[in-house]
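Student: Could you walk me through one part of this model up close? Pick a single strand and tell me what sits around it, and then how far I can trust the picture.

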Amino acid sequence: MSNPIALLGRTAQYVLLSFAAFISIFPFFWMAVGATNTSPDIVRGKATPGSALLTNIVTFFTSEDLPRVLFNSFFIAGVGTVLTLLVSSLAGYGFEIFRSRVREKVFGGMLLMLSIPFAALMIPLFVMMANLKLINTYQAIILPTVASIFIIFYFRQATKAFPTELRDAARIDGLKEWQIFLHVYMPVMRSTYAAATIIVFMTHWNNYLWPLIVLQTNDMKVLTLVVASLTSAYNPNYGTVMVGAIVATLPTLVIFFLLQRRFVEGMLGAVK
Amino acid sequence: MSSIALRWRRTLAVALTGVSLFSVTAASAAEITVWCWDPNFNGATMEEAFSRYQAEHPDDTINVVIFDKAAMEQKLQAQLASGTTEGLPDIVLIEDYRAQKYLQSFPGAFEPLNDHVDYSTFAPYKVELATVNGQTYSLPFDSGVTGYFYRSDLMEEAGYTAEDLENITWDRLIEIGVDVKEKTGETLLPIDPNEAGWLRIMMQSAGTWYFDAEGNATIVDNPAIKAALETYQRLAAADISKPVSGWTEYTGSFTSGDTISTYSGVWMTATIKSNPDQSGNWGVAPIPRLDGIESSVNASNLGGSSWYVLSSAPQKDMAIDFLAEIWGKDVDFYQKILVDQGALGSLMAAREGEAYQASDEFFGGQPVWQNFSTWLSEIPSVNYGIFTEEADAAVVAQIPAITGGGNIDEIIAAIDAQVRQQIQ
């Protein structure tokens with residue numbers, strides 16, 4: 001224990017880790033301190049707490065119909081996450097359990113589609129939504145994300161660890177295929193679901209480009225659009241922007257801490 | 001049974017009458033939708049304009065939707081490119097530098113307003129930039145008429161008064177900067193090496209641009225551009241500027257006192273006045289002109305934007321009528337937005353109003369707005385073309401070479417080559 005070389009190594013380790021922790025925590029610190037300062041103070045680089053927190057909060061909460069905006073964001077992220085998990089996990093399960101040569105080809109084709117950037121899909125998708133009369137609706141944002149190739153892939157990989165014995169036993173007990181999925185697969189894979197929840201919720205919550213294109217009116221705006229429009233002014237109020245950034249960050253943080261243990265399990269593999 | 005059915009039928013009839021009544025009121029009261037990007041500036045002026053229109057049309061309403069500026073442009077572009085007009089607003093704000101890009105890329109998407117607006121009452125350069133084939137599409141809004149903003153108290157310390165900064169050339173300004181630094185140790189200007197606004201200011205002051213009226217590149221053999229690049233090189237070499245990165249650092253530099261002046265559009269006034277403790281310590285002079293270029297005047301432009309009506313607008317007639325009645329004529333309205341939002345419109349008649357005549361204590365009692373509107377009328381017209389952004393990028397790519405003391409002719413050739421490659 002008292003070996004000086006080991007001690008030195010340990011010290012270097014901690015110094016390095018502290019440095020890394022500082023780098024990753026500083027933006028959050030800056031955001032929190034900024035929320036308490038006035039805009040000119042933030043521009044000057046003041047890194048100590050100020051007294052403008054209340055003003056900033058009031059300005060932010062009166063700048064738009066915030067309850068409505070928060071509802072929009074939560075509704076889209078919530079419904080979107082549930083639907084995405086349901087559809088994509090079902091697909092991932094199906095691809096792994098019911099294999100065939102054709103399905104493998106379909107799956108390979110889907111993986112290829114992952115490489116198409118969204119910017120290339122944006123305009124055709126917009127035309128499609130316009131033809132379906134879905135512009136400026138929740139469906140326009142939620143529907144295109146429900147079948148997420150990445151999440152399907154993720155569930156397929158996780159399903160590889162799902163023991164076939166469990167499925168066979170369930171079959172012998174007389175469960176139908178959908179009952180196996182619902183009553184055996186889903187409970188066993190809950191860590192995978194937890195990890196996927198964080199990923200999907202974050203994607204929906206942070207989604208910016210597509211809502212920007214497809215949402216048209218103030219009462220449909222989501223939080224990302226509101227925070228972005230705060231910075232667009234010729235003379236932006238950075239204190240208010242920081243309050244907006246905190247409000248936008250909190251839900252993801254809360255969900256992450258709630259599901260943290262499961263998230264790590266899910267990343268390591270759900271079934272032990 | 002039959003009484004229940006009857007009750008239901010009656011309810012239904014009442015409900016239907018209600019619905020039809022509602023739709024009748026909906027038909028007479030219209031709502032126009034406007035897209036813009038600053039709630040405190042263009043958004044607020046739009047609300048004010050409409051409240052005046054409402055006095056005559058009490059049933060009509062406005063819906064101002066604020067987006068991030070770059071985002072709004074992306075949104076508009078995507079939607080125009082998709083060919084679906086559903087969801088597009090009635091009126092949209094477009095930055096002047098991009099006007100030609102939209103007008104030429106999407107012919108028929110915007111409505112010409114020549115039959116409704118008397119364009120001779122607006123600053124000529126604002127009208128020119130929104131004109132394609134003799135049709136003008138914009139209702140000119142805020143101008144980016146430039147000025148040289150300086151800390152009068154610190155300039156005075158070095159022995160310079162407001163008169164010393166009137167009608168000077170850029171080279172004279174460099175001399176003053178060197179002298180100020182010697183006497184007081186203060187740094188004259190912040191300079192952002194990722195930004196080409198200085199060149200746009202210098203070019204337009206000489207009535208030239210990257211492109212001619214037909215859209216051909218005019219970068220090589222353009223004496224004004226050559227003089228501008230040489231001036232910038234001298235400015236960088238004189239050690240009177242502080243390099244900054246990005247907008248926040250740039251504005252922070254002169255509001256905090258790190259540097260003592262900047263050249264910018266009139267819209268910078270609000271940023272400068274956001275520090276009330278510096279009241280009385282600022283002055284505004286006309287922008288310097290280029291040395292040795294005869295066409296160069298002490299007036300130019302940086303930025304600015306205008307309102308456009310979309311041809312597909314659901315309330316097109318009302319949108320045009322509103323713009324023409326309030327934005328096109330109402331001198332009082334322009335006084336109000338000047339005082340409340342610091343918005344300097346482009347309607348020349350507005351300058352005779354009270355607010356324009358007033359002096360500003362923040363700027364030591366100068367009649368700042370009167371001055372700006374005088375310079376506004378002197379801005380040379382140029383054709384911004386559709387590739388200003390691409391040309392800007394080509395210039396920014398060469399800024400290290402310029403400040404590093406490179407050969408200007410070679411630099412111009414490099415800029416020209418990059419621009420030609422991009423616009424093919």
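Tutor: Start at Trp307(B): this residue of β11(B) is the bridge partner of Leu93(B). Trp307(B) is also the partner in β11(B) of Leu139(B). Those two leucines point you to the strands involved. Strand β3, residues 91-95 of chain B, pairs with β11(B) in the antiparallel sense over 5 bridges. Strand β6, residues 138-151 of chain B, pairs with β11(B) as well, again antiparallel and over 5 bridges. As for β11(B) itself, it covers residues 301-309 of chain B, and 9 of its 9 residues are buried, so the strand is largely enclosed by the rest of the structure.

Now for trust, since this is a predicted model. Chain B has a mean pLDDT of 89, with 93% of its residues at 70 or more. The stretch to be wary of is residues 11-27 of chain B, where pLDDT stays under 50 and the model has 0 contacts beyond four places in sequence. For the complex, the predictor gives an ipTM of 0.71 and a pTM of 0.79.

Stepping out to the partner chain, 30 residues of chain B are in contact with 23 residues of chain A. On the chain B side, the elements giving two or more residues are β2 (61-66), α3 (69-82), α10 (246-255) and α11 (268-272). The largest share, 7 residues, comes from α3(B). By character, that side of chain B divides into 11 nonpolar, 14 polar and 5 charged residues.

Notes
Residues are numbered from 1 along each chain as its sequence is written. Chains are lettered from A and ligands numbered from 1 in the order in which they are written. This is a predicted model: local features need pLDDT of at least 70, side-chain atom pairs count only at pLDDT 80 or more; totals for chains, interfaces and linings use all residues. Two residues are in contact if their C-beta atoms, placed from the backbone, lie within 7 Å. Helices (H or I, at least four residues) and strands (E, at least two) are DSSP runs, numbered from the N terminus. Ala, Val, Leu, Ile, Met, Phe, Trp, Tyr, Cys and Pro count as nonpolar, Asp, Glu, Lys and Arg as charged, and the others, Gly among them, as polar. pLDDT is the predictor's confidence in each residue, from 0 to 100. A residue is buried if 20 or more other C-beta atoms lie within 10 Å of its own, exposed if 12 or fewer, and partly exposed in between; C-beta atoms are placed from the backbone. Two strands pair if DSSP finds at least two bridges between them.
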